[in-house]
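Good morning, colleagues. Please look at the sequence and the structure on the screen before I begin.

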Amino acid sequence: MKSNNVTPLGPKADKDTVRRSNLSLVLRAVRDEAEGGATRAAVAARVGLTRAAVSSLVEQLLGTGFLTESGKTFSGQAGRPGTALKVARTGPAGLGVEINIDYVSVCVVDLAGTGRVRLTEHLDNRGAPPAEVLARAAGIAARTLESAREQELFPVGVALALPGLVSGGAVRQAPNLGWNRVPADELFAAALAAERPGGAALPVRAENEANLAALAELWFGGLDAVRSFLYLTGEIGVGGALVIDGELLRGAHGFAGEIGHVVVDAEGPECRCGSRGCLERYAGQAALLRAAGIEESGGGAGVAELERRARAGDERAVAAVAEAGRMLGRVLSGAVNLLDPDAVVLGGIYRNLMPWLSPSADEELTGRVVSGLWSPGSGRLRASSVAGDAARGAAALVLTRVLADPVAYAGRLTGSAG
């Protein structure tokens, strides 16, 4: 029986709310156009608003510095050419900070998603107190902010990319760092504020680094029409992320994608997470180097030596990478059977090792994927793009809020707002 008591679904949108939403639509439409820019007419056609409405919105975005216009662009249709609209190369930006086991990488991106500043330092963060690691990262971030300011870019927030279980801004567990229940966002925010006395405080959020690398791959990689994929990043550990229909799948508690701790052999070697025989004990960086007879060293030298030996045909190096590929394929086949993604994307150290890694991984996938739709060389197993890294994904994540409501950030075009 239908009730006569109707509960409102929410507050009615007023004119200001509608306009703010339309400003976001227009700004995102311009950003998504090709490098040549977009005309007002093209934007109107894309967002479904009248040309007059779009012109009014564009004028506001030009006046507040989110858009620029220049020259003329020809649509190939009758009528006068229009001016080319582009997102501004100055103003609000995003700051991404990736803290990994043996390095810290900081990136600033502009509204178009272009990486404008990058600082990376190779540091062994294992065993160091979390506050010390985060303070070092804040120092690198502060220097990055100075470089950004020189380009008239003013980050409006920070996203931390961290290798572990991250929830509510805190690291619940990061076995390879030795972190447990660390309030990373709070510690980093305090350290960054100490590096910039008198500077505007920046909001900080923390996310899993594999999730952010997957988002970077989605937004900036060469995936074309692929919108559902499983992303793996090989570093000291093995991280994973799931993107389904263009959306990150986080799971009930935000911990989806921890494929590095899927058990390959219950009687296998002990893992830092407390279990045994986890995938990263067979396919992580340390396992690869050990199997190839290469000593671990900082700065990625060990992985570079592994790649050099593989290219030279060194039997032990080639066998080590092939065995890691076999273990990856075994675990990935279960994930493919469960989730049916369009593709599996391998990033981190796996990207450059693909010539020796992918044949054995593809063979396992072909033999174990029950649909029969997996075959070697199909392109479903692919290397990540060089553009798909966690620091860039983190920085771009900050900007999703700016793009969603540019009016809220209009006062931050000169870095004056706190």
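Which residues of the largest nonpolar core touch the most other members? Before I answer, please note that this is a predicted model. The core has 49 residues, and those that touch the most other members are Val43, Leu67 and Phe229. The element that gives the most to this core is helix H12, residues 390–404, with nine residues. As a general remark, nonpolar side chains tend to be buried together in soluble globular proteins.

Let us take Phe229 in more detail. Apart from neighbours within four places in sequence, Phe229 is in contact with ten residues that I shall name: Ala214, Glu217, Leu218, Leu223, Ala241, Leu242, Val243, Pro341, Ala343 and Val345.

I turn now to helix H9, residues 301–311. Its buried residues are Gly302, Val303, Leu306, Glu307 and Ala310. These residues lie on the same side of H9, because they cover an arc of only 140 degrees around the axis. What do the buried residues of H9 pack against? They pack against helix H8 (285–292), helix H10 (315–339) and helix H11 (350–368). Following H9 comes Gly313, whose phi is positive, near 85 degrees.

My last topic is Glu280, which lies in helix H7, residues 280–283. Glu280 is buried yet has no salt bridge. The nearest side chain of opposite charge is that of Arg272, 6.1 Å away. Which residues, then, is Glu280 in contact with, leaving aside its neighbours within four places in sequence? They are Asn176, Gly237, Val238, Gly260, His261, Cys271 and Ala287.

Thank you for your attention.

Technical notes
Residues numbered from 1 in each chain as written. Predicted model: local features only at pLDDT ≥ 70, side-chain atom pairs only at ≥ 80, totals over all residues. Heavy atoms only, no water. Core = buried A, V, L, I, M, F, W, Y, C linked by side-chain atoms within 4.5 Å. Buried < 20%, exposed > 50% of the residue type's maximum accessible area, 1.4 Å probe, protein only. Helix = DSSP H or I, 4+ residues; strand = E, 2+ residues; numbered from the N terminus. Contact = heavy atoms within 4.5 Å. Arc of directions from axis to C-beta. Lys, Arg positive; Asp, Glu negative; His and termini not counted. Salt bridge = Lys/Arg side-chain N within 4 Å of Asp/Glu carboxyl O.
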